[in-house]
Amino acid sequence: MPARASKNGPVSNNRRRPVDRLLDLVPMDAVVRHVDVNELIERVDVQRIVDRVDVNAIVERVDIQRIIDRVDVNALMTRIDVNEIIDRVDINAIIERVDVEDVVARTEIGQVVVASTTGMATRGLDFVRAQGVGLDQWCNRWVDRILRRRPGDAPAGPGITIGAPGPEAAP
Amino acid sequence: MTPRRNRVPESSLVGHYAGPVTRLAACALDIAILNGAFVLGLSALFWLLGFIAGTQLDTDDFGPAFSIPMLALWAFLYFWIPWSLSGSTPGMAIVGIRVVRRDGDPVDRAHAALRVITWPLSFLFFGLGFLGILVGREHRALHDVFAGTAVVYAWDARAARIRFLAQRGPSRAARAPEGAPSRASG
(Lines give C-alpha, C1' and ligand atoms only; values in the text may rest on other atoms or scores of the structure.)
Protein backbone atom coordinates (compact mmCIF):
# COMPACT_ATOMS: atom_id res chain seq x y z
CA MET A 1 0.00 0.00 0.00
CA PRO A 2 1.42 3.41 -0.94
CA ALA A 3 2.32 5.93 1.73
CA ARG A 4 -0.09 8.74 2.08
CA ALA A 5 0.49 12.19 3.25
CA SER A 6 -1.08 13.26 6.48
CA LYS A 7 -0.96 16.55 8.35
CA ASN A 8 2.05 15.22 10.20
CA GLY A 9 3.93 13.95 7.16
CA PRO A 10 3.84 10.87 4.94
CA VAL A 11 3.15 7.68 6.87
CA SER A 12 2.54 4.22 5.52
CA ASN A 13 -0.97 3.01 6.24
CA ASN A 14 0.40 -0.42 7.19
CA ARG A 15 2.43 1.02 10.00
CA ARG A 16 -0.11 3.53 11.20
CA ARG A 17 -1.12 3.11 14.78
CA PRO A 18 -4.35 4.30 16.29
CA VAL A 19 -2.59 7.24 17.87
CA ASP A 20 -1.37 8.34 14.49
CA ARG A 21 -4.77 8.12 13.05
CA LEU A 22 -6.06 10.17 15.98
CA LEU A 23 -3.37 12.76 15.43
CA ASP A 24 -4.44 12.98 11.80
CA LEU A 25 -7.66 14.41 13.00
CA VAL A 26 -5.93 17.10 15.06
CA PRO A 27 -5.15 20.39 13.24
CA MET A 28 -1.51 20.66 14.28
CA ASP A 29 -1.06 24.18 12.92
CA ALA A 30 -3.82 25.38 15.20
CA VAL A 31 -2.23 23.57 18.13
CA VAL A 32 1.19 25.04 17.39
CA ARG A 33 -0.33 28.48 17.25
CA HIS A 34 -1.28 28.02 20.91
CA VAL A 35 2.20 26.89 21.91
CA ASP A 36 4.55 29.46 23.48
CA VAL A 37 7.62 28.69 21.42
CA ASN A 38 9.91 30.90 23.46
CA GLU A 39 8.99 29.08 26.64
CA LEU A 40 9.51 25.81 24.87
CA ILE A 41 12.97 26.86 23.72
CA GLU A 42 13.88 27.91 27.22
CA ARG A 43 13.15 24.39 28.38
CA VAL A 44 15.48 22.92 25.78
CA ASP A 45 18.96 22.08 27.04
CA VAL A 46 20.91 23.54 24.13
CA GLN A 47 24.26 22.67 25.66
CA ARG A 48 23.36 18.98 25.63
CA ILE A 49 22.49 19.23 21.98
CA VAL A 50 25.70 21.07 21.18
CA ASP A 51 27.69 18.51 23.11
CA ARG A 52 26.30 15.80 20.89
CA VAL A 53 27.26 17.64 17.72
CA ASP A 54 30.61 16.66 16.19
CA VAL A 55 31.87 20.13 15.33
CA ASN A 56 35.08 18.80 13.84
CA ALA A 57 33.15 16.68 11.40
CA ILE A 58 31.11 19.72 10.35
CA VAL A 59 34.20 21.87 9.96
CA GLU A 60 35.88 19.21 7.88
CA ARG A 61 32.97 19.35 5.48
CA VAL A 62 33.22 23.13 5.12
CA ASP A 63 35.25 24.31 2.15
CA ILE A 64 37.09 27.23 3.77
CA GLN A 65 38.88 28.05 0.56
CA ARG A 66 35.58 28.59 -1.23
CA ILE A 67 34.45 30.93 1.51
CA ILE A 68 37.69 32.88 1.35
CA ASP A 69 37.48 33.07 -2.43
CA ARG A 70 34.09 34.70 -2.10
CA VAL A 71 35.35 37.31 0.37
CA ASP A 72 36.41 40.63 -1.10
CA VAL A 73 39.50 41.18 0.99
CA ASN A 74 40.14 44.63 -0.46
CA ALA A 75 36.67 45.77 0.46
CA LEU A 76 37.17 44.32 3.91
CA MET A 77 40.47 46.15 4.33
CA THR A 78 38.94 49.47 3.36
CA ARG A 79 36.47 49.04 6.20
CA ILE A 80 39.24 48.47 8.76
CA ASP A 81 40.38 51.52 10.72
CA VAL A 82 44.10 50.85 10.91
CA ASN A 83 44.74 53.89 13.07
CA GLU A 84 42.32 52.61 15.65
CA ILE A 85 44.14 49.28 15.74
CA ILE A 86 47.50 51.03 16.11
CA ASP A 87 46.11 53.19 18.90
CA ARG A 88 45.21 50.06 20.78
CA VAL A 89 48.70 48.56 20.37
CA ASP A 90 51.19 49.10 23.19
CA ILE A 91 54.17 50.05 21.05
CA ASN A 92 56.42 50.53 24.07
CA ALA A 93 55.78 46.96 25.12
CA ILE A 94 56.72 45.78 21.63
CA ILE A 95 59.87 47.88 21.56
CA GLU A 96 60.89 46.50 24.93
CA ARG A 97 60.74 43.03 23.43
CA VAL A 98 63.04 44.01 20.57
CA ASP A 99 66.66 42.97 21.05
CA VAL A 100 68.33 46.17 19.89
CA GLU A 101 71.79 44.71 20.17
CA ASP A 102 70.82 41.84 17.91
CA VAL A 103 69.30 44.26 15.41
CA VAL A 104 72.46 46.36 15.38
CA ALA A 105 74.64 43.29 15.01
CA ARG A 106 72.60 41.84 12.14
CA THR A 107 71.90 44.91 10.06
CA GLU A 108 73.73 47.64 8.22
CA ILE A 109 72.72 50.08 10.98
CA GLY A 110 75.75 48.89 12.89
CA GLN A 111 78.08 49.78 10.04
CA VAL A 112 76.59 53.26 9.90
CA VAL A 113 77.03 53.67 13.65
CA VAL A 114 80.62 52.54 13.44
CA ALA A 115 81.41 54.78 10.50
CA SER A 116 79.88 57.83 12.12
CA THR A 117 80.93 57.48 15.73
CA THR A 118 84.06 55.43 16.15
CA GLY A 119 87.62 55.64 15.14
CA MET A 120 90.60 53.54 16.00
CA ALA A 121 91.22 55.53 19.19
CA THR A 122 87.67 55.00 20.45
CA ARG A 123 87.84 51.30 19.72
CA GLY A 124 91.18 51.08 21.48
CA LEU A 125 89.83 52.91 24.51
CA ASP A 126 86.74 50.73 24.59
CA PHE A 127 88.94 47.66 24.54
CA VAL A 128 91.24 48.89 27.32
CA ARG A 129 88.35 50.05 29.48
CA ALA A 130 86.48 46.78 28.99
CA GLN A 131 89.54 44.87 30.16
CA GLY A 132 89.83 47.13 33.20
CA VAL A 133 86.18 46.73 34.12
CA GLY A 134 86.42 42.98 33.67
CA LEU A 135 89.41 42.84 36.02
CA ASP A 136 87.63 45.12 38.49
CA GLN A 137 84.66 42.78 38.58
CA TRP A 138 86.93 39.78 38.92
CA CYS A 139 88.70 41.42 41.92
CA ASN A 140 85.39 42.42 43.49
CA ARG A 141 84.04 38.89 43.17
CA TRP A 142 87.11 37.47 44.91
CA VAL A 143 87.07 40.06 47.70
CA ASP A 144 83.37 39.38 48.27
CA ARG A 145 84.11 35.67 48.38
CA ILE A 146 87.00 36.06 50.84
CA LEU A 147 85.06 38.43 53.09
CA ARG A 148 81.95 36.22 52.76
CA ARG A 149 79.88 39.10 51.44
CA ARG A 150 76.94 38.66 49.17
CA PRO A 151 77.62 40.46 45.85
CA GLY A 152 74.29 42.26 45.94
CA ASP A 153 74.82 43.74 49.39
CA ALA A 154 77.05 46.63 48.41
CA PRO A 155 75.64 49.66 46.58
CA ALA A 156 76.55 49.79 42.88
CA GLY A 157 77.28 53.50 43.01
CA PRO A 158 76.29 56.74 44.74
CA GLY A 159 72.51 56.48 44.84
CA ILE A 160 72.46 53.35 42.67
CA THR A 161 71.35 49.99 43.94
CA ILE A 162 72.44 46.71 42.41
CA GLY A 163 70.43 45.87 39.33
CA ALA A 164 69.21 49.43 38.80
CA PRO A 165 70.41 51.21 35.68
CA GLY A 166 72.98 53.91 36.22
CA PRO A 167 72.49 57.51 35.19
CA GLU A 168 72.65 57.82 31.43
CA ALA A 169 74.86 60.02 29.28
CA ALA A 170 78.46 59.67 30.11
CA PRO A 171 80.25 63.01 30.44
CA MET B 1 91.44 34.65 35.59
CA THR B 2 91.82 37.43 33.08
CA PRO B 3 88.73 38.54 31.27
CA ARG B 4 88.23 37.13 27.83
CA ARG B 5 88.94 39.19 24.77
CA ASN B 6 86.22 41.67 23.77
CA ARG B 7 84.50 41.32 27.08
CA VAL B 8 82.27 44.37 27.03
CA PRO B 9 79.85 44.71 29.94
CA GLU B 10 76.18 44.68 29.05
CA SER B 11 75.00 47.47 31.31
CA SER B 12 76.03 51.10 31.12
CA LEU B 13 78.09 51.15 34.35
CA VAL B 14 78.04 54.96 34.33
CA GLY B 15 77.88 56.09 37.96
CA HIS B 16 78.91 52.72 39.38
CA TYR B 17 81.85 52.62 41.78
CA ALA B 18 85.12 52.12 39.94
CA GLY B 19 87.10 49.04 40.89
CA PRO B 20 90.72 48.71 42.03
CA VAL B 21 92.33 47.75 38.72
CA THR B 22 90.85 50.66 36.80
CA ARG B 23 91.81 53.09 39.54
CA LEU B 24 95.33 51.69 39.76
CA ALA B 25 95.70 52.04 35.99
CA ALA B 26 94.46 55.62 36.15
CA CYS B 27 96.86 56.40 39.00
CA ALA B 28 99.81 54.91 37.10
CA LEU B 29 98.91 56.85 33.97
CA ASP B 30 98.52 60.08 35.92
CA ILE B 31 101.88 59.68 37.67
CA ALA B 32 103.54 58.98 34.31
CA ILE B 33 101.88 61.98 32.65
CA LEU B 34 102.55 64.17 35.70
CA ASN B 35 106.27 63.35 35.77
CA GLY B 36 106.68 63.45 32.02
CA ALA B 37 105.00 66.83 31.78
CA PHE B 38 107.00 68.11 34.76
CA VAL B 39 110.32 67.11 33.23
CA LEU B 40 109.35 68.53 29.85
CA GLY B 41 107.97 71.71 31.40
CA LEU B 42 111.00 72.24 33.62
CA SER B 43 113.35 71.65 30.72
CA ALA B 44 111.42 74.15 28.62
CA LEU B 45 111.47 76.65 31.49
CA PHE B 46 115.24 76.29 31.97
CA TRP B 47 115.81 76.63 28.27
CA LEU B 48 113.73 79.80 28.23
CA LEU B 49 115.46 81.26 31.29
CA GLY B 50 118.85 80.34 29.85
CA PHE B 51 117.88 81.90 26.55
CA ILE B 52 116.86 85.12 28.29
CA ALA B 53 119.84 85.15 30.67
CA GLY B 54 122.24 84.06 27.98
CA THR B 55 123.65 81.21 30.06
CA GLN B 56 123.26 77.44 30.11
CA LEU B 57 120.97 76.47 33.05
CA ASP B 58 120.42 72.94 34.41
CA THR B 59 118.23 71.36 37.09
CA ASP B 60 121.34 70.58 39.11
CA ASP B 61 121.93 74.31 39.46
CA PHE B 62 118.82 74.62 41.60
CA GLY B 63 118.79 71.35 43.58
CA PRO B 64 115.95 69.56 45.35
CA ALA B 65 115.04 72.63 47.37
CA PHE B 66 113.69 74.08 44.17
CA SER B 67 112.51 71.04 42.22
CA ILE B 68 110.55 69.31 45.01
CA PRO B 69 108.30 72.27 45.82
CA MET B 70 107.90 72.85 42.11
CA LEU B 71 106.88 69.24 41.63
CA ALA B 72 104.47 69.47 44.57
CA LEU B 73 102.91 72.62 43.13
CA TRP B 74 102.68 71.08 39.69
CA ALA B 75 101.13 67.90 41.13
CA PHE B 76 98.58 69.95 43.06
CA LEU B 77 97.58 71.88 39.96
CA TYR B 78 97.61 68.74 37.81
CA PHE B 79 95.01 67.03 40.01
CA TRP B 80 93.11 69.99 41.41
CA ILE B 81 92.21 71.76 38.16
CA PRO B 82 90.85 68.71 36.28
CA TRP B 83 88.99 67.40 39.33
CA SER B 84 87.41 70.81 39.87
CA LEU B 85 86.42 71.21 36.24
CA SER B 86 85.37 67.76 35.06
CA GLY B 87 86.18 65.29 37.83
CA SER B 88 88.72 63.49 35.66
CA THR B 89 92.47 63.82 35.33
CA PRO B 90 93.95 62.79 31.96
CA GLY B 91 94.73 59.31 33.28
CA MET B 92 91.24 58.90 34.69
CA ALA B 93 89.73 60.11 31.42
CA ILE B 94 91.70 57.47 29.50
CA VAL B 95 90.41 54.60 31.64
CA GLY B 96 86.93 56.14 31.87
CA ILE B 97 86.45 57.08 35.52
CA ARG B 98 85.84 60.32 37.40
CA VAL B 99 85.63 61.72 40.90
CA VAL B 100 82.26 62.69 42.34
CA ARG B 101 80.96 63.67 45.76
CA ARG B 102 79.86 60.78 47.92
CA ASP B 103 76.24 61.45 47.00
CA GLY B 104 77.05 61.49 43.28
CA ASP B 105 77.17 65.27 42.79
CA PRO B 106 80.09 66.86 40.91
CA VAL B 107 83.14 67.72 42.97
CA ASP B 108 83.56 71.40 43.82
CA ARG B 109 86.87 73.24 44.07
CA ALA B 110 87.14 72.95 47.87
CA HIS B 111 86.58 69.20 47.95
CA ALA B 112 88.90 68.73 45.00
CA ALA B 113 91.62 70.65 46.86
CA LEU B 114 91.01 68.62 50.01
CA ARG B 115 91.29 65.42 48.00
CA VAL B 116 94.61 66.50 46.48
CA ILE B 117 96.04 67.53 49.85
CA THR B 118 95.00 64.31 51.59
CA TRP B 119 95.98 62.09 48.69
CA PRO B 120 99.57 61.53 50.00
CA LEU B 121 98.14 60.28 53.29
CA SER B 122 96.88 57.17 51.56
CA PHE B 123 100.49 56.24 50.75
CA LEU B 124 101.45 56.13 54.44
CA PHE B 125 102.01 52.73 56.08
CA PHE B 126 102.77 50.96 52.81
CA GLY B 127 99.73 52.35 51.09
CA LEU B 128 97.28 51.17 53.71
CA GLY B 129 94.98 54.04 52.81
CA PHE B 130 94.32 52.48 49.44
CA LEU B 131 93.04 49.26 50.97
CA GLY B 132 89.54 50.70 51.07
CA ILE B 133 89.45 50.69 47.26
CA LEU B 134 89.89 46.93 47.30
CA VAL B 135 87.75 45.86 50.25
CA GLY B 136 85.42 48.79 50.91
CA ARG B 137 81.77 48.58 49.96
CA GLU B 138 82.07 51.96 48.22
CA HIS B 139 85.65 51.42 47.02
CA ARG B 140 86.84 54.60 48.72
CA ALA B 141 90.46 55.25 49.66
CA LEU B 142 91.51 57.21 52.73
CA HIS B 143 91.70 60.48 50.79
CA ASP B 144 88.19 59.81 49.47
CA VAL B 145 86.95 59.49 53.04
CA PHE B 146 88.66 62.74 54.06
CA ALA B 147 87.34 64.65 51.06
CA GLY B 148 83.90 63.04 51.03
CA THR B 149 84.34 61.79 47.48
CA ALA B 150 84.02 58.59 45.49
CA VAL B 151 85.30 57.44 42.12
CA VAL B 152 82.80 56.15 39.57
CA TYR B 153 82.84 54.89 36.00
CA ALA B 154 82.22 57.60 33.42
CA TRP B 155 82.51 55.18 30.52
CA ASP B 156 79.25 54.14 28.89
CA ALA B 157 79.89 50.43 28.54
CA ARG B 158 76.55 49.82 26.86
CA ALA B 159 77.37 52.26 24.06
CA ALA B 160 80.72 50.55 23.70
CA ARG B 161 79.00 47.19 23.48
CA ILE B 162 76.72 48.48 20.73
CA ARG B 163 79.78 49.78 18.87
CA PHE B 164 81.51 46.46 19.29
CA LEU B 165 78.52 44.51 18.01
CA ALA B 166 78.28 46.91 15.10
CA GLN B 167 81.95 46.41 14.23
CA ARG B 168 81.39 42.69 13.88
CA GLY B 169 79.14 43.38 10.93
CA PRO B 170 75.95 41.64 9.81
CA SER B 171 77.67 38.74 8.07
CA ARG B 172 79.62 37.60 11.12
CA ALA B 173 76.69 38.19 13.42
CA ALA B 174 74.44 36.11 11.19
CA ARG B 175 76.95 33.29 11.06
CA ALA B 176 77.54 33.08 14.79
CA PRO B 177 74.72 34.83 16.59
CA GLU B 178 75.52 33.17 19.88
CA GLY B 179 79.12 34.38 19.70
CA ALA B 180 78.31 37.86 20.96
CA PRO B 181 80.63 39.24 23.61
CA SER B 182 80.16 37.68 26.95
CA ARG B 183 77.78 39.61 29.15
CA ALA B 184 79.56 40.54 32.32
CA SER B 185 77.13 41.54 34.98
CA GLY B 186 76.99 45.21 35.76
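Helices (H or I, at least four residues) and strands (E, at least two) are taken as DSSP runs, numbered from the N terminus. On this basis, eight helices and two strands are assigned to chain B, in the sequential order α-α-α-β-α-α-α-α-β-α. The model is a predicted one, in which local features need pLDDT of at least 70 and side-chain atom pairs count only at pLDDT 80 or more, while totals for chains, interfaces and linings use all residues. Residues are numbered from 1 along each chain as its sequence is written, with chains lettered from A and ligands numbered from 1 in the order in which they are written.

Of the 186 residues in chain B, 38% are buried (20 or more other C-beta atoms within 10 Å of the residue's own, C-beta atoms being placed from the backbone). The largest nonpolar core (buried Ala, Val, Leu, Ile, Met, Phe, Trp, Tyr and Cys residues joined through C-beta atoms within 7 Å) has 39 residues, and I97(B), V152(B) and Y153(B) have the most contacts inside it. Helix α8 (residues 157–175) of chain B gives the most to this core, with seven residues.

Contacts are defined by C-beta atoms, placed from the backbone, that lie within 7 Å. Beyond residues up to four places away in sequence, Y153(B) touches L13(B), V14(B), H16(B), A18(B), G96(B) and I97(B). Among contacts in chain B with a separation of 6 or more, 68% join residues 24 or more positions apart.

Notes: A residue is buried if 20 or more other C-beta atoms lie within 10 Å of its own, exposed if 12 or fewer, and partly exposed in between; C-beta atoms are placed from the backbone. Two residues are in contact if their C-beta atoms, placed from the backbone, lie within 7 Å.
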